[in-house]
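Reader: I'm new to reading protein models. Could you walk me through how strands and surfaces are read?
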Amino acid sequence: MKGTRGQRLSGEFQKEISTVISQQLRNKFPSLSAIISITEADVAPDLKTANIYISIFDTDGERCKASFEIIKQNAGFIRHELSRVMCLRTVPELRFVLDESMEYGAKIDKILNGLESEKDDE
C-alpha cells in the first residue's frame with residue numbers, strides 16, 4: 001500500500017503482529033523459534049489482504065519450518081488479536097510469506113569473507 005496512510009498502516013501492522021507473536025502465540029506454542037521478526041507488512045489499498053513477510057532465525061532448519069507452519073496455521077488467531085488492538089473497520093486477511101533475505105545476506109557475507117581470506121593468503 002503506497003502513500004502516507006499506507007506506510008503508517010504497514011508499520012502499525014508490523015509492530016502489532018510482532019507483539020502478538022512474541023507474547024500470546026509464544027505462550028500457546030513454547031516450541032516457537034527464539035528469533036522471529038516481521039520484516040515487512042504489505043497491506044492492500046482496499047484493506048482486504050495483507051502480505052506479512054517473516055524472518056525466522058534458528059540453527060535447526062526443521063524447527064524453523066515448524067515455527068513458520070505454526071504462524072501460518074494461527075493467522076486467524078493473529079487477525080482476531082489485531083482486531084482487538086487496532087481501530088479499523090476491517091482487519092485484512094493475513095498471508096504470511098517466509099522472508100529469506102537475512103539468510104541470503106549471510107551467505108553472501110560468508111562468500112565475500114572467503115574471497116577476502118584467499119586474497120590475504122596470496
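Reader: Let's start with strands. In β3, which residue is the bridge partner of alanine 50?

Author: Keep in mind that this is a predicted model. To read a pairing, pick a residue and look across to the neighbouring strand. Here, alanine 50 has leucine 94 as its bridge partner in β3. Strand β3 covers residues 93–98, and its pairing with β2 is parallel, over 6 bridges.

Reader: And in which sense do β1 and β2 pair?

Author: Follow the chain direction along both strands. Strand β1, residues 35–43, runs antiparallel to β2, with 8 bridges between them. Alanine 50 turns up again here: this β2 residue is the bridge partner of valine 43. The two strands make a hairpin with 5 residues in between, and leucine 47 in that turn has a positive phi of about 60°.

Reader: Is serine 55 buried or exposed?

Author: For that, check the relative accessible area; under 20% is called buried. Serine 55, which sits in strand β2 (residues 49–57), has just 6%, so it counts as buried. Leaving out residues up to four places away in sequence, its contacts are Ile35, Ile36, Ser37, Thr39, Asp99 and Met102.

Reader: How about leucine 115: what is its relative accessible area?

Author: Leucine 115 belongs to helix α4, residues 101–121. Its value is 49%, so it is labelled partly exposed.

Reader: Which residues form the nonpolar patch on the surface?

Author: For a patch, look at a group of side chains together. In this case Tyr104, Ile108, Ile111, Leu112 and Leu115 make up the patch, sharing about 490 Å² of accessible area.

Key: Residues numbered from 1 in each chain as written. Predicted model: local features only at pLDDT ≥ 70, side-chain atom pairs only at ≥ 80, totals over all residues. Heavy atoms only, no water. Helix = DSSP H or I, 4+ residues; strand = E, 2+ residues; numbered from the N terminus. Buried < 20%, exposed > 50% of the residue type's maximum accessible area, 1.4 Å probe, protein only. Contact = heavy atoms within 4.5 Å. Patch = residues over 30% accessible without salt bridge, like charges linked within 9 Å, V, L, I, M, F, W, Y side chains within 5 Å. Areas by Shrake-Rupley, 256 points an atom, 1.4 Å probe, with all protein chains shown as cover. Salt bridge = Lys/Arg side-chain N within 4 Å of Asp/Glu carboxyl O. Pairing = 2+ DSSP bridges.
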